[in-house]
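Subject: Structure handover

Hi,

Here is the structure for you to look over. Please open it first, then read my notes beneath.

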Amino acid sequence: MKKNIRSVFNIKTISAAFLLGFILLHSACNKNFDNVLPKSFRNDTLGLGSNSKKVLYIILDGVKGSVVSSLAPANLTQITNNAIFSYDGVADYQRNTITNAAAWTTMLTGVDYTKHNVSTETFTGLNLQTTPTLFSGIKSSLGNVRTVSLASTAAFNDNLATDATVKQTLADDAAVKTSVIAELGAGNPSLLVAQFHSAEVAGMANGYTGATTAYTSAINTLDGYVGEILTALRARKTYAQESWLVVVASNKGGAATSGGAPGSNIYADDSRNTFVAFYNPKFKPNAINKPDVTNLPYAGVGAKFNATNAAIQSDANFLNLGTNIEATIRFNIRWDGSTGNSGYPAILQKRGVTNGITAGVPGWAFIKDDGGIISFNASFTGATGNSQAKGPASQKLDDGKWHAVAVRFFNNGTTHTASMFVDGIPAQTANLGLTAGNGNLNTTSPLTFGKYTNVDCFITEFAVYNIAIPNADIIANSKKTPLTPITDPYYNNLVAYFKTSEGVGNVLNDALGKAPAMNLVGTPNWTNYADISPNLSPAISEAAFKAVPNGVDIPVLIYSWLNIAAPAKWSLMGKFYAPVVSYPTN
């Protein structure tokens with residue numbers, strides 16, 4: 001019968017720093033839209049003009065940023081010559097399912113679904129008193145100014161435009177375009193919102209890809225509408241005395257999804273990929289591209305383990321494996337020692353031996369052989385040999401890269417067995433040769449990192465689970481680091497997790513507070529590391545997904561353009577994208 005690892009182990013009760021840069025690209029010298037803003041237009045305290053600041057906000061449902069980039073429709077491409085823009089925009093950096101309703105609400109309120117509560121197309125949970133839309137915010141701040149919402153989807157107007165001075169739901173996108181042109185010709189709006197839905201319909205029916213004719217045709221048609229609308233904007237009799245911010249933004253990208261698995265790459269979720277442009281003929285081009293989140297360094301500070309610097313468990317009974325304990329151990333390692341023949345040092349062990357292949361001494365050890373391969377080795381009292389599960393020959397420690405090591409202890413009938421994995425590659429499985437009458441792996445030699453000749457390495461994120469994790473899950477999760485309830489499906493099975501990232505002092509603590517501390521002996525050698533390794537995929541921070549315009553960012557710039565100081569009670573979640581303005585030299 002399996003024993004509970006928590007009792008048998010006698011358990012008593014990195015941060016990666018990664019700088020995300022914005023890449024400033026200058027577009028080719030295409031002919032720009034008329035550059036007719038007055039010379040009095042100045043980059044003052046967000047003023048950017050006089051009392052005639054206005055906003056045209058064009059929402060393109062379902063228009064995926066990557067498709068706009070590859071398709072390069074004439075008008076959307078042309079406005080990027082004078083815009084803060086991104087083809088890598090993110091509808092929502094959270095991991096909720098993206099719906100039209102949720103995306104619209106985010107774009108109109110400046111908060112995401114965690115505050116506006118809208119997640120389904122029914123708008124259930126929406127409270128415009130606590131999360132006001134742009135229409136409501138402008139009305140309460142500027143008083144009797146004209147705000148207009150022209151939409152092809154009734155749900156958009158019915159739920160989000162209740163405070164608009166004028167709202168019209170039109171029969172289709174062509175009718176929306178016609179009404180927008182009429183409003184620009186005869187009206188005097190401070191905010192004019194136009195919502196177009198045809199690309200979403202085409203994408204939903206046929207697929208949101210550049211190879212889908214119906215979808216790309218819908219985008220090209222919308223691009224034509226954008227061109228006609230901008231022509232009408234420039235034709236306004238008062239245009240030369242006005243300061244217009246034009247926002248063109250997708251509400252969402254491809255088909256609605258669940259947002260990906262916990263800890264996954266938001267940029268890989270097509271439903272979130274949007275095109276965003278903040279345009280004014282005085283803006284210098286500013287292309288904001290997503291950072292490379294597939295090539296992040298594994299970074300932090302850790303203790304180096306060698307012959308004179310070691311970590312020793314304060315409880316000698318910790319991690320005794322007995323005769324039939326099922327468990328899993330995993331850790332990350334970077335070997336900085338010598339290559340070639342290394343005398344089979346015990347890198348990490350609970351056996352109390354110098355040479356990891358020593359027989360007849362109960363316990364176990366991870367050793368490095370003369371070929372640079374890491375293996376798991378075990379023996380028991382009186383044994384003339386030992387059992388060994390060798391790592392894969394392809395994953396040698398001598399390459400100086402970080403590696404992810406795991407060993408799975410399980411019972412195969414009455415046989416206690418260990419399986420070795422390195423970087424998610426399954427290697428040998430060894431019969432440990434243990435039965436109730438043939439000794440066991442228990443020992444009073446404490447768990448030790450380092451201490452012996454020829455060892456020189458980092459060992460980080462040493463984790464112990466009270467179950468034999470299935471092979472497929474060990475393989476699937478081998479690169480994930482650090483371990484969290486989101487990234488690790490077996491996090492609740494952890495009985496110890498030593499990150500070894502304290503950076504100071506001479507104690508290594510269990511991050512869970514369950515296992516006894518480990519003591520550093522010698523002079524602790526805390527050392528910084530920051531290495532890109534194909535064997536580890538550090539968790540991507542939220543900052544990486546906020547490095548491009550999100551839906552929540554749009555209202556921030558709109559309010560700022562209109563010189564509205566958003567009160568704290570609105571709890572806006574977005575950030576401000578500051579335009580860089582150029583002026584005529586004459």
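Below are my notes on the cores, one helix, a pocket and the aromatic rings.

One point before the rest: this is a predicted model.

**Cores**

Start with the largest nonpolar core. It has 48 residues. Y57, L245 and I558 make the most contacts inside it. Helix α13, residues 554-561, gives this core its largest share, 5 residues. A second core is separate and has 45 residues. Among them are F409, V422, L447 and F449.

L245 is a good place to zoom in. Leaving out residues up to four places away in sequence, L245 touches K54, V55 and L56. It also touches F278, Y279 and F283. From helix α13, which spans residues 554-561, L245 meets L557, I558 and W561.

**Helix α13**

How many residues of α13 are buried? The count is 8 of 8, so the helix is mostly covered under the cut-off of under 20% relative accessible area. The buried residues are I554, P555, V556, L557, I558, Y559, S560 and W561. What do they pack against? The partners are two helices and three strands by label: α4 (100-109), α6 (134-142), β1 (53-60), β6 (243-250) and β7 (273-279). Just after α13, N563 has a positive phi of about 60°.

**Largest pocket**

The largest pocket holds about 370 Å³ of space. Its lining has 20 residues. K479, K480, L536, S537 and P538 lie nearest the centre. Strands β21 (480-481) and β26 (537-538) each supply at least two lining residues. By type, the lining divides into 9 nonpolar, 9 polar and 2 charged residues.

**Aromatic rings**

A search of the whole structure gives 24 aromatic pairs. Take F366 and F376 as one of them. Why is this pair called edge-to-face? The ring centres are 5.3 Å apart and the planes sit at 65°, so the pair is edge-to-face; the angle cut-off is over 60 degrees. The pair links distant parts of the chain, 10 residues apart. F366 is in strand β13 (residues 363-368), and F376 is in strand β14 (residues 374-379).

Are these two rings buried or exposed? F366 is buried, with a relative accessible area of 0%. F376 is buried too, also at 0%.

Ring pairs also build a cluster from F305, F331, W364, F366, F376, F409, F449 and F462. Two of these names, F409 and F449, appear in the second core as well.

Best wishes

Notes:
Residues are numbered from 1 along each chain as its sequence is written. This is a predicted model: local features need pLDDT of at least 70, side-chain atom pairs count only at pLDDT 80 or more; totals for chains, interfaces and linings use all residues. Side-chain values use heavy atoms; hydrogens and water are left out. A nonpolar core is a set of buried Ala, Val, Leu, Ile, Met, Phe, Trp, Tyr and Cys residues joined through side-chain atoms within 4.5 Å. Buried means under 20% relative accessible area, exposed over 50%, partly exposed in between (1.4 Å probe, protein chains only). Helices (H or I, at least four residues) and strands (E, at least two) are DSSP runs, numbered from the N terminus. Contact means heavy atoms within 4.5 Å. On a 1 Å grid over the protein atoms alone, a cavity is a set of points where a 1.4 Å probe fits but cannot get out, and a pocket is an open set with protein on both sides within 12 Å along at least five of seven lines; lining residues have an atom within 4 Å of a point. Grid points are joined across faces, edges and corners, and a volume is the space filled by probe spheres set on the points. Ala, Val, Leu, Ile, Met, Phe, Trp, Tyr, Cys and Pro count as nonpolar, Asp, Glu, Lys and Arg as charged, and the others, Gly among them, as polar. Rings of Phe, Tyr and Trp (its six-membered ring) pair if their centres lie within 6.5 Å; planes under 30 degrees apart count as stacked, over 60 as edge-to-face and the rest as tilted.
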